[in-house]
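Q: Got a minute to go through this one with me? I'd like to start with a side-chain contact and then zoom out.
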Amino acid sequence: MALHFKYDQARRTFVEWAQNEIAVVPDFHKRILFSDEAHFWLNGYVNKQNCRIWSEANPQVYVETPLHPEKLTVWCALWAGGFLLQKR
């Protein structure tokens, strides 16, 4: 998959910024924090944004679901000192 030009420019800008920071603060790379979060629905719902389910048949099943299903949100961060984990 080809990357769009604007993303390539953003990456170059970030690398230049990071190189400048490393020149000033030698352990700068140890201060970078990568984080993400995920939502897990307890009623079996699958987040279609991250998963595609293909079928040849068109399902005609009606399933009643609550307006606000219960879910578990997990947030995690990774950095040079280890990782942080939070469940909500």
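Q: Which side chain does Thr73 have a polar contact with, and at what distance?
A: The side chain of His39, at 2.9 Å. Keep in mind that this is a predicted model.

Q: OK, and where is Thr73 in the fold?
A: Thr73 belongs to strand 2, which covers residues 71-79.

Q: Is Thr73 buried or exposed?
A: Buried: its relative accessible area is 8%, and the cut-off for buried is under 20%.

Q: How much of the chain is buried, then?
A: Buried residues are 5% of the 88 in the chain.

Q: Switching to His29, where does that one sit?
A: His29 is in the loop that runs between helix 1 (5-24) and strand 1 (34-41).

Q: And why does His29 count as partly exposed?
A: Because its relative accessibility is 46%, and partly exposed lies between the 20% and 50% cut-offs.

Q: How far is His29 from Gln19?
A: C-alpha to C-alpha, 9.7 Å in space, with their positions 10 residues apart in sequence.

Q: Zooming out, what's the order of helix and strands along the chain?
A: The pattern reads α-β-β-β, so one helix and three strands in total.

Q: What share of the contacts with a separation of 6 or more is between residues 24 or more positions apart?
A: Those pairs account for 60% of them.

Q: Last one: what's the accessible surface of the chain?
A: About 8,600 Å², and carbon and sulfur atoms hold 59% of that.

Terms used: Residues are numbered from 1 along each chain as its sequence is written. This is a predicted model: local features need pLDDT of at least 70, side-chain atom pairs count only at pLDDT 80 or more; totals for chains, interfaces and linings use all residues. Side-chain values use heavy atoms; hydrogens and water are left out. Helices (H or I, at least four residues) and strands (E, at least two) are DSSP runs, numbered from the N terminus. Buried means under 20% relative accessible area, exposed over 50%, partly exposed in between (1.4 Å probe, protein chains only). Contact means heavy atoms within 4.5 Å. Accessible areas come from the Shrake-Rupley method with a 1.4 Å probe; for residues, only the protein chains shown count as cover. A polar contact is a pair of N or O atoms within 3.5 Å; within protein, one must be able to donate a hydrogen and the other to accept it, and residues adjacent in sequence count only if both atoms are side-chain atoms.
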